[in-house]
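Here is a report that walks through one protein chain, a piece at a time. Keep the picture open beside the text and find each residue as you read.

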Amino acid sequence: MKNKPEVWQPLSINKIGTIFAPIPLKWWIAGGWALDLYLRKQTRQHDDIDIVILQRDNKILQQFLHP
């Protein structure tokens with residue numbers, strides 16, 4: 001079996017904001033991107049973007065992402 005190059009690409013922060021904007025819950029960017037946003041500069045290449053929501057809002061998020 002041949003090794004396939006990585007085809008998954010993380011969404012941009014702007015795209016994530018667009019997706020989450022109509023969802024009635026609070027959400028945050030966490031991890032490395034959160035630090036970079038705080039510093040107002042990208043300090044390194046990121047392989048993903050971590051999104052955090054409150055546990056109680058899990059069902060709301062599921063309903064919006066998988067209607």
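## An exposed arginine

Arg-40 counts as exposed, because its relative accessibility of 77% is over the 50% cut-off. Keep in mind as you look that this is a predicted model. You can find Arg-40 in the loop between helix H2 and strand S2, which spans residues 50-53.

What is special about the backbone of Arg-40? Its phi is near 60°, a positive value in a residue other than glycine. This positive phi comes just after H2, and H2 is the next place to look.

## The two sides of helix H2

Helix H2 covers residues 31-39, and its buried residues are Gly-32, Trp-33 and Asp-36. Where do they sit around the helix? They cover an arc of only 95° around the axis, so they are on the same side of H2. A general rule helps here: an α-helix has 3.6 residues a turn, so residues three or four places apart point the same way.

Now turn to the other side of H2, where Leu-35 and Tyr-38 are exposed. Back on the buried side, what covers those residues? The cover includes helix H1, residues 13-20, and strand S1, residues 27-30.

## The nonpolar core

Which residues make up the largest nonpolar core? There are 8 of them: Ile-16, Phe-20, Ile-23, Leu-25, Ile-29, Trp-33, Ile-49 and Leu-61. Trp-33 is also one of the buried residues of H2, so you have met one member of this core already. In soluble globular proteins, nonpolar side chains tend to be buried together.

Take Ile-29 as an example. Leaving aside residues up to four places away in sequence, Ile-29 touches Ile-13, Ala-34, Leu-37, Ile-49, Asp-50 and Ile-51. Among these partners, Ile-49 also belongs to the core.

## A pair of aromatic rings

How many aromatic pairs are there? The count comes to 1. The partners are Phe-20 and Trp-27, whose ring centres are 4.9 Å apart, with an angle of 40° between the planes, and the pair is described as tilted.

Are the two partners buried or exposed? Phe-20 is buried, because its relative accessible area of 10% is under the 20% cut-off. Trp-27 has a relative accessible area of 25% and is partly exposed.

## Lys-26 and its partners

Lys-26 lies in the loop between H1 and S1. With a relative accessible area of 57%, Lys-26 is exposed. Which residues does Lys-26 touch, not counting those up to four places away in sequence? They are Val-52, Ile-53, Leu-54 and Asp-57.

Look at Val-52 in that list. Lys-26 and Val-52 are 26 residues apart in sequence, and their C-alpha atoms are 8.7 Å apart in space.

## Ser-12 and Pro-67

Ser-12 is in the segment before H1, and Pro-67 is in the segment after helix H3, which covers residues 58-65. Ser-12 is partly exposed, with a relative accessible area of 40%. Pro-67 counts as exposed, at 92% relative accessibility.

How far apart are Pro-67 and Ser-12? They are separated by 55 residues in sequence and by 23 Å in space, from C-alpha to C-alpha. You can also find Trp-28, which is 16 residues from Ser-12 along the chain, with 14 Å between the C-alpha atoms.

## The whole chain

Now step back and view the entire chain. Its secondary structure comes to 3 helices and 2 strands, and along the sequence they follow the pattern α-β-α-β-α. The radius of gyration is 15 Å, well over the 11 Å that the globule rule gives for 67 residues, so the chain is more spread out than a compact globule. Along the principal axes, the C-alpha atoms fill a box of roughly 40 × 40 × 20 Å.

Of the 67 residues, 18% count as buried. The chain exposes about 6,000 Å², and carbon and sulfur atoms supply 55% of that area. Where do the contacts come from? Among contacts with a separation of 6 or more, residues 24 or more positions apart account for 57%.

Conventions: Residues are numbered from 1 along each chain as its sequence is written. This is a predicted model: local features need pLDDT of at least 70, side-chain atom pairs count only at pLDDT 80 or more; totals for chains, interfaces and linings use all residues. Side-chain values use heavy atoms; hydrogens and water are left out. Buried means under 20% relative accessible area, exposed over 50%, partly exposed in between (1.4 Å probe, protein chains only). Helices (H or I, at least four residues) and strands (E, at least two) are DSSP runs, numbered from the N terminus. The arc is that of the directions from the helix axis to the C-beta atoms. Contact means heavy atoms within 4.5 Å. Rings of Phe, Tyr and Trp (its six-membered ring) pair if their centres lie within 6.5 Å; planes under 30 degrees apart count as stacked, over 60 as edge-to-face and the rest as tilted. The radius of gyration is taken over C-alpha atoms; the globule rule is 2.2 Å times the number of residues to the power 0.38. Accessible areas come from the Shrake-Rupley method with a 1.4 Å probe; for residues, only the protein chains shown count as cover. A nonpolar core is a set of buried Ala, Val, Leu, Ile, Met, Phe, Trp, Tyr and Cys residues joined through side-chain atoms within 4.5 Å.
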